[in-house]
Amino acid sequence: MILKEVIEKTKLYLFDMDGTLYLGDRLYDFTTELLAEIRRAGAKYLFVTNNSSKSVEDYVKKLRKLGIEAAREDFMTSSQATAYYLKQNYPGKTLYVCGTRSLIKELEGEGFTVTTDLDKVECIVMGFDTELTFQKLHDVSYLLLTRPELPYIATNPDLVCPTEFGSVPDCGSVCIGIKNATGKEPVVIGKPSPLMPRLAMAKYGAKPEETVVIGDRIYTDVKSGLAAGCTGILVLSGESTLQTLADSDVKPDLVLQDAGEILNALRS
């Protein structure tokens with residue numbers, strides 16, 4: 001597959017953020033111009049992230065601080081996808097959330113009640129919790145072992161979150177710890193599930209063949225795009241390396257050093 005040919009038919013770009021458009025608090029040099037060039041070409045883009053530690057409002061503030069103009073409608077997060085899934089499958093349920101205050105606020109904003117009263121819990125939600133405490137791990141383990149019928153949902157399966165210095169454990173790693181303690185595995189909502197790309201395409205009326213998913217992780221970003229029938233583009237500016245690619249059963253349609261190559265293709 002040739003990048004220029006992909007660009008010519010693309011109407012919707014679904015970008016992972018951390019490791020793709022920026023790393024931690026460092027914006028990649030090409031990002032601002034890339035987003036502007038996409039709009040000049042008459043296409044649209046969405047920021048699609050598995051990171052549920054921040055609300056959409058948090059992300060708007062973060063991107064604006066980095067120099068990217070963004071609004072709420074520019075995002076599709078695993079928190080939003082989780083809220084959608086809960087509404088479809090467990091409407092009105094009272095949640096125990098092992099997640100940040102931002103995730104709790106996001107779910108409450110979608111009409112859910114969140115509690116720490118374990119007797120009232122009707123559903124467990126695990127997120128990327130940068131405010132994680134042992135008490136939360138204790139509570140989730142207690143609920144899963146004493147009330148195994150409770151629905152158990154994770155916002156995303158990512159094992160690590162990239163930072164400027166390397167990586168820190170993400171939701172997937174914590175879920176593995178919970179499995180070691182309880183034997184229970186969650187229903188996972190975020191990428192590699194095709195749910196977020198499908199919701200994004202529905203939002204803009206784009207077809208899979210008109211949509212590309214760009215990210216730095218094969219096992220989440222690329223896999224979700226391919227599962228939704230979109231073009232999957234791997235960038236080597238974040239977590240994945242050429243060795244990761246060689247070891248993976250999932251193969252992206254295109255591999256780029258970074259998303260700056262898309263900017264060059266658009267300009268040409």
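Why does Thr 231 count as buried? Thr 231 has 6% relative accessibility, and buried means under 20%, so the residue falls in that class. This is a predicted model, and the tour starts from that threonine.

**Stop 1: Thr 231 and strand E14**

Select Thr 231, which is found in strand E14. Then show its contacts, leaving aside neighbours within four places in sequence: Met 1, Val 6, Pro 208, Thr 211, Val 212, Val 213 and Asp 253.

Next, select the whole of E14, residues 231-235. The strand is mostly covered, with five of its five residues buried. Turn on the side chains to see how they are split: Thr 231, Ile 233 and Val 235 point one way, while Gly 232 and Leu 234 point the other way.

**Stop 2: from E14 to E15**

Add strand E15, residues 254-256. E14 and E15 pair in the parallel sense, over three bridges. To find the register, pick Val 235, which stands opposite Leu 256 in E15. Now follow the chain from E14 to E15: the path goes through helix H10, residues 242-247, and this β-α-β crossover is right-handed.

**Stop 3: strand E13**

Return to E14 and select E13, residues 211-215. E13 and E14 run parallel and are joined by four bridges. Here the pair to pick is Gly 215 and Leu 234, with Gly 215 standing opposite Leu 234 in E14. Tracing the chain from E13 to E14 takes you through helix H9, residues 218-227, in a β-α-β crossover that is right-handed.

E13 is mostly covered too, with five of its five residues buried. Thr 211, Val 213 and Gly 215 point one way from the strand, and Val 212 and Ile 214 point the other way.

**Stop 4: strand E1**

Add E1, residues 12-15. E1 pairs with E13 in the parallel sense over four bridges. Select Leu 12 to see it opposite Thr 211 in E13. Thr 211 is also one of the contacts of Thr 231.

**Stop 5: helix H11**

Select H11, residues 260-267, and colour Gly 260, Ile 262, Leu 263, Ala 265 and Leu 266, which are buried. What do the buried residues of H11 pack against? Their partners are helix H1 (3-9), strand E1, helix H2 (31-40), strand E13 and strand E15. Three of these, E1, E13 and E15, are strands visited above.

**Stop 6: the largest cavity**

By the rule used here, the count comes to one cavity of 30 Å³ or more. About 40 Å³ of space lies in the largest cavity. To locate the cavity, select the residues that line it: Leu 14, Phe 15, Asp 16, Val 48, Lys 191, Pro 197, Val 213 and Ser 224. Val 213 is the residue of E13 already seen among the contacts of Thr 231. By type, the lining divides into five nonpolar, one polar and two charged residues.

**Stop 7: the largest pocket**

Move on to the largest pocket, with a volume of about 330 Å³. Of the 27 residues that line the pocket, select the closest to its centre: Asp 18, Asn 51, Phe 128, Cys 161 and Pro 162. The elements that give two or more residues to this lining are helix H3 (56-66) and strand E10 (160-163). E10 gives the most, with three residues. The lining divides into seven nonpolar, eight polar and 12 charged residues.

**Stop 8: the second largest pocket**

The last stop has a volume of about 190 Å³. Select its lining: Ala 154, Asn 156, Pro 157, Leu 159, Gly 172, Cys 175, Ile 176, Lys 179, Glu 185, Pro 186 and Val 188. Which element gives the most to this lining? Helix H7, residues 171-182, does, with four residues. In this second largest pocket the lining residues divide into seven nonpolar, two polar and two charged.

Conventions. Residues are numbered from 1 along each chain as its sequence is written. This is a predicted model: local features need pLDDT of at least 70, side-chain atom pairs count only at pLDDT 80 or more; totals for chains, interfaces and linings use all residues. Side-chain values use heavy atoms; hydrogens and water are left out. Buried means under 20% relative accessible area, exposed over 50%, partly exposed in between (1.4 Å probe, protein chains only). Contact means heavy atoms within 4.5 Å. Two strands pair if DSSP finds at least two bridges between them. A crossover is right-handed if, with the strands pointing away from the viewer, the path from the first strand over the helix to the second runs clockwise. On a 1 Å grid over the protein atoms alone, a cavity is a set of points where a 1.4 Å probe fits but cannot get out, and a pocket is an open set with protein on both sides within 12 Å along at least five of seven lines; lining residues have an atom within 4 Å of a point. Grid points are joined across faces, edges and corners, and a volume is the space filled by probe spheres set on the points. Ala, Val, Leu, Ile, Met, Phe, Trp, Tyr, Cys and Pro count as nonpolar, Asp, Glu, Lys and Arg as charged, and the others, Gly among them, as polar.
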